[in-house]
Amino acid sequence: MNVLTDLAFWMIVLSFAGVYAIFTLGLQIEAGTSGLPNFGHVASMAIGAYTMALLTVGGGLPLLVAIPAAIGAAIVGALLISLPTLRLRRIYFAMAAIAFAQIVQSVLTNEDEITGGTRGVLGYDAVWQAIQSWILEALSSLGWKDPDPKAAIVIVTWAIAIAIALVLRRLVRSPWGRTMRAIREDVDAARAMGKPVLRHMVTAMSI
């Protein structure tokens with residue numbers, strides 16, 4: 001069968017596209033709205049993803065516990081790079097962000113006993129399997145006979161991406177978003193107007 005007509009192939013493509021759409025929304029807040037050249041944005045994504053996998057698949061924790069823990073870990077990672085470097089000129093901040101991403105990648109790929117190295121953490125937790133079964137049954141009831149198992153992750157991922165996009169759209173149009181655009185255009189002018197520039201930048205990195 002031609003791979004371009006294989007539904008399973010497109011399910012994989014759509015699931016990865018949804019993940020990278022979420023990744024891009026975070027990058028848009030940093031680089032687009034705030035003007036922060038964070039070339040290490042992927043490090044926060046990796047920290048959150050591995051925390052989620054290790055807590056659910058490795059530690060057996062429920063999703064409702066693992067999700068906020070993974071978000072918190074990603075925020076901590078962003079704070080580790082942003083607090084000591086955001087006072088630098090943006091080119092030096094960009095270089096520090098790249099270095100941080102390389103450190104995270106090196107740790108994750110070399111700690112085989114914890115992260116699985118280049119193989120990653122494989123498996124699903126019981127809660128996700130239950131959610132997947134429920135979605136597949138709903139698709140079957142709607143007329144899709146024998147739905148592809150990957151359809152569940154595609155639906156959930158894109159639903160989350162759309163929800164995040166709507167929330168960030170409101171955030172960018174808020175007073176905080178307008179302040180971030182002012183900082184992007186002229187940091188010194190925003191600081192002269194009494195805006196807490198560093199706090200806003202750290203918030204953007206955390207988001």
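**Cores and a one-faced helix**

The largest nonpolar core (buried Ala, Val, Leu, Ile, Met, Phe, Trp, Tyr and Cys residues joined through side-chain atoms within 4.5 Å) has 23 residues. Leu36, Leu86, Val104 and Met205 have the most contacts inside this core. At least two of its residues come from each of α2 (41-58), α3 (63-85), α4 (90-110), α8 (175-185) and α10 (197-206). Another core lies apart from it, with eight residues, including Met11, Leu136, Ala151 and Ala152.

This is a predicted model, where local features need pLDDT of at least 70, side-chain atom pairs count only at pLDDT 80 or more, and totals for chains, interfaces and linings use all residues. Residues are numbered from 1 along each chain as its sequence is written, and side-chain values use heavy atoms, with hydrogens and water left out.

Take Leu86. Beyond its neighbours within four places in sequence, Leu86 is in contact (heavy atoms within 4.5 Å) with Leu36, Phe93, Leu198, Met201, Val202 and Met205.

Now follow α8, one of the helices (DSSP runs of H or I, at least four residues, numbered from the N terminus). Its buried residues (under 20% relative accessible area, with exposed over 50% and partly exposed in between, 1.4 Å probe, protein chains only) are Trp176, Gly177, Thr179, Met180 and Ile183. Seen down the axis, they fall within an arc of 160 degrees (taken from the directions from the helix axis to the C-beta atoms), so they line one face of α8. On the other side of α8, Pro175 and Glu185 are exposed. Cover for the buried residues includes α1 (7-33), α4, α7 (151-172), α9 (187-192) and α10.

Tyr92 sits in helix α4. Tyr92 counts as partly exposed because its relative accessibility is 47%.
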